[in-house]
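Dear colleague,

I am passing on the structure we spoke about, and below it you will find some notes to read alongside it. Please keep the sequence and the 3D view open as you go through them.

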Amino acid sequence: MRDNQKRGEHQVGNASPLLDSDHTPSHSSSFPSVSVCFPAYNEETTITEVLHEAYSLLSDSGLNYEILVCNDGSSDRTEEIIEGLADNIPRLRVLRHTRNLGIRATFEHLYREASLEFVFLNSTDRQWKTSLLFEMLCLTKDWDVIIASRKDKYYGPVRQVVSWGFNAIPPLLFGVRTFDAGAVKLVRREIIERFPIVSQSPFSEAERLIRAARAGYRITQCQVEVARRDTGKARGVSSKSVIEALKDIGRVWWALRQERIEK
């Protein structure tokens, strides 16, 4: 790590040792295997492009990989499109929810089904490019979790405040900086398997990082530019989800306290 670089922070640039000048992955035999995971809910306008882009990049990379996509009970043509793509994209596994279970349940389902050394959790709304993976892989020699923190968040005022608050709470209550916990991330799979999660809301993403850091796993961030969502509908932040996340903060604090007492 460079002396002038803050601990736990990295800038993702335009070039990477894993990418040649044509943006084709190279020298990837020395990198860990990766389960590339996509949650999908009503993404009929973007899902084809996202999965084709992922397959094109990964199939030319030399990486040992798999692609998982979980359709979370979409009400549009997302499921139909995914089923058609599954016939033509090798190493694509499709997971299905018969009804919409929400983002946390979808993440956890993908995590349970992932089978390779690292798990790369992306989105299907085209805000994040799968090519970020190749730059993040370069950090896996020194780090167990790499978070693609957004330089700019295209949120409204309320969501900006909520996001700030939930990034500020882990360092204050748990002594762990979780960076942008809800962002795209690359995680060593053993972390997912090792820690039981008590959170019942998307705060589970922060809880997993808190538990990992306290156990000695190394967490860093790559600050990246992301695109504005220009299709589909963002779910945003509801008062119910904020309340559930606040409850989870209490659950996590109490669970960790009890675990310390029992040791």
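Please bear in mind from the outset that this is a predicted model. I began with Arg126, whose place is in the loop that runs between strand 5 (118-121) and helix 4 (132-137). The backbone there deserves a careful look, since Arg126 has a positive phi of about 70 degrees although it is not a glycine. Most residues other than glycine have a negative phi. As for its surroundings, Arg126 has a relative accessible area of 30%, so it counts as partly exposed, because that term covers values from 20% to 50%.

A second residue with a positive phi is Asn42, which is not a glycine either and has a value of about 50 degrees. You will find Asn42 in the loop that joins strand 2 (34-40) to helix 1 (47-59), and because its relative accessibility is 22%, Asn42 is described as partly exposed.

Is Leu85, in turn, buried or exposed? Leu85 has a relative accessible area of 8%, and it is therefore buried, given that the cut-off for buried is under 20%. This residue belongs to helix 2, which spans residues 78-86. Leaving aside residues up to four places away in sequence, Leu85 touches Ile47, Thr48, Leu51, His52 and Leu92. Of these contacts, His52 is worth finding in the 3D view: Leu85 and His52 are 33 residues apart along the chain, and their C-alpha atoms are separated by 8.5 Å.

With best wishes

Notes
Residues numbered from 1 in each chain as written. Predicted model: local features only at pLDDT ≥ 70, side-chain atom pairs only at ≥ 80, totals over all residues. Heavy atoms only, no water. Helix = DSSP H or I, 4+ residues; strand = E, 2+ residues; numbered from the N terminus. Buried < 20%, exposed > 50% of the residue type's maximum accessible area, 1.4 Å probe, protein only. Contact = heavy atoms within 4.5 Å.
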